[in-house]
Amino acid sequence: MAKRAVVLLSGGLDSTTCLAMAKADGFEPVCLSIAYGQRHAVELERAKKVAAAMGVRDVRVVTVDLRQVGGSALTDDIPVPKDRTEDAMSHDVPVTYVPARNALFLSMALGLAEVVGATDIYIGVNAVDYSGYPDCRPEFIRSFESMAQLATKAGVEGATFKVHAPLSGLTKAQIIQAGVKLGVDYGMTHSCYDPDAQGRACGRCDSCLLRAKGFQEAGVPDPTVYTDGVR
């Protein structure tokens with residue numbers, strides 16, 4: 001049997017590419033999706049479809065209600081920013097940042113990894129075409145790895161945990177190009193922060209704008225289904 005790796009799978013473009021990369025690296029993925037009270041919960045349905053299409057046999061969904069914490073446009077009654085320029089996106093940490101989300105997600109993935117006997121974790125964070133989230137930076141990933149050695153029974157007993165962030169230094173276009181080579185069907189994925197009731201992308205939030213720009217620069221047709229009147 002192939003060595004196992006825990007893959008954090010949101011159903012978005014980045015995490016789906018990350019899953020394909022984990023499989024290409026020879027791992028048998030154990031996918032972990034988090035239902036955290038996000039307004040774009042349609043991504044969880046997409047995650048199930050992605051996992052099934054990629055033949056993942058072990059898919060876990062953990063529920064934690066971050067609406068009780070709030071502080072983000074994704075989990076609180078705060079409007080999602082729309083129609084921002086790339087310059088505006090690059091200046092401040094936006095209100096779509098969910099406080100300590102990746103620290104929480106990686107901690108859950110670490111616990112699952114210890115349970116299933118895996119020492120490898122994949123996360124689709126990106127430090128190039130991203131909206132300024134501090135928990136997407138390489139220094140955070142390396143710091144978490146160090147913590148993992150100290151915080152787990154497996155680590156104390158000599159296991160070495162590795163957090164793979166293969167998209168970290170790639171642009172969105174490069175991520176899409178890499179995924180296409182691995183056979184990823186991006187039509188199954190969802191990236192929008194503020195979809196309509198049918199799950200269609202708004203086309204105007206930061207995530208939609210970065211995604212659309214990525215497809216354009218990659219020279220790949222954008223399969224995203226947008227809200228009526230957009231694009």
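This report walks through the fold, the surface, one buried residue and the salt bridges of a predicted model.

## Overall fold

The chain holds eight helices and five strands. From start to end, the elements run β-α-β-α-β-α-α-β-α-α-β-α-α. The radius of gyration is 17 Å, close to the 17 Å that the globule rule gives for 231 residues, so the chain is as compact as a globular protein of that length.

Along the principal axes, the C-alpha atoms fill a box of roughly 55 × 35 × 30 Å. Contacts tell us how the chain folds back on itself. Take the contacts with a separation of 6 or more: residues 24 or more positions apart account for 74% of them.

## Inside and outside

How many of the residues count as buried? Of the 231 residues, 52% do. The chain exposes about 10400 Å². Carbon and sulfur atoms supply 53% of that area.

Charges come next. The chain has 24 positive and 27 negative charges. The mean positions of these two sets are 4 Å apart.

## A closer look at Phe-215

Phe-215 is found in helix 8, which spans residues 206-218. Is Phe-215 buried or exposed? Its relative accessible area is 1%. Buried means under 20%, so Phe-215 counts as buried.

Which residues does Phe-215 touch, leaving out those up to four places away in sequence? The list is Leu-13, Ile-176, Tyr-186, Val-220, Pro-221, Asp-222, Pro-223 and Thr-224. Val-7 makes a useful distance check. Phe-215 and Val-7 are 208 residues apart along the chain, and their C-alpha atoms are separated by 24 Å.

## Salt bridges

Side chains of opposite charge can pair when their charged atoms come close. A search of the whole structure finds 18 salt bridges. One of them joins Asp-65 and Arg-67. The closest N and O atoms of this pair are 2.8 Å apart. Asp-65 is partly exposed, with a relative accessible area of 30%. Arg-67 is exposed, at 51%. The cut-off for exposed is over 50%, so Arg-67 passes it while Asp-65 does not.

## Pairs within a helix

Where do Glu-145 and Arg-142 sit? Both belong to helix 5, residues 138-151. They are three residues apart, so about one helical turn separates them. Glu-145 and Arg-142 form a salt bridge, with the closest N and O atoms 2.9 Å apart. Glu-145 counts as buried at 13% relative accessibility. Arg-142 counts as partly exposed at 37%.

Helix 8, the helix of Phe-215, also holds a charged pair. Lys-213 and Glu-217 meet there through their side chains in a salt bridge of 3.2 Å, N to O. Because Lys-213 and Glu-217 are four residues apart in helix 8, about one helical turn separates them. Lys-213 is buried, with a relative accessible area of 19%. Buried means under 20%, so Lys-213 falls within the cut-off. Glu-217 is partly exposed, at 46% relative accessibility. Salt bridges can also share partners: they join Arg-4, Asp-58 and Arg-60 into one network.

Methods:
Residues numbered from 1 in each chain as written. Predicted model: local features only at pLDDT ≥ 70, side-chain atom pairs only at ≥ 80, totals over all residues. Heavy atoms only, no water. Helix = DSSP H or I, 4+ residues; strand = E, 2+ residues; numbered from the N terminus. Rg over C-alpha atoms; globule rule 2.2 N^0.38 Å. Buried < 20%, exposed > 50% of the residue type's maximum accessible area, 1.4 Å probe, protein only. Contact = heavy atoms within 4.5 Å. Areas by Shrake-Rupley, 256 points an atom, 1.4 Å probe, with all protein chains shown as cover. Lys, Arg positive; Asp, Glu negative; His and termini not counted. Charge placed at Lys NZ, Arg CZ, Asp CG, Glu CD. Salt bridge = Lys/Arg side-chain N within 4 Å of Asp/Glu carboxyl O.
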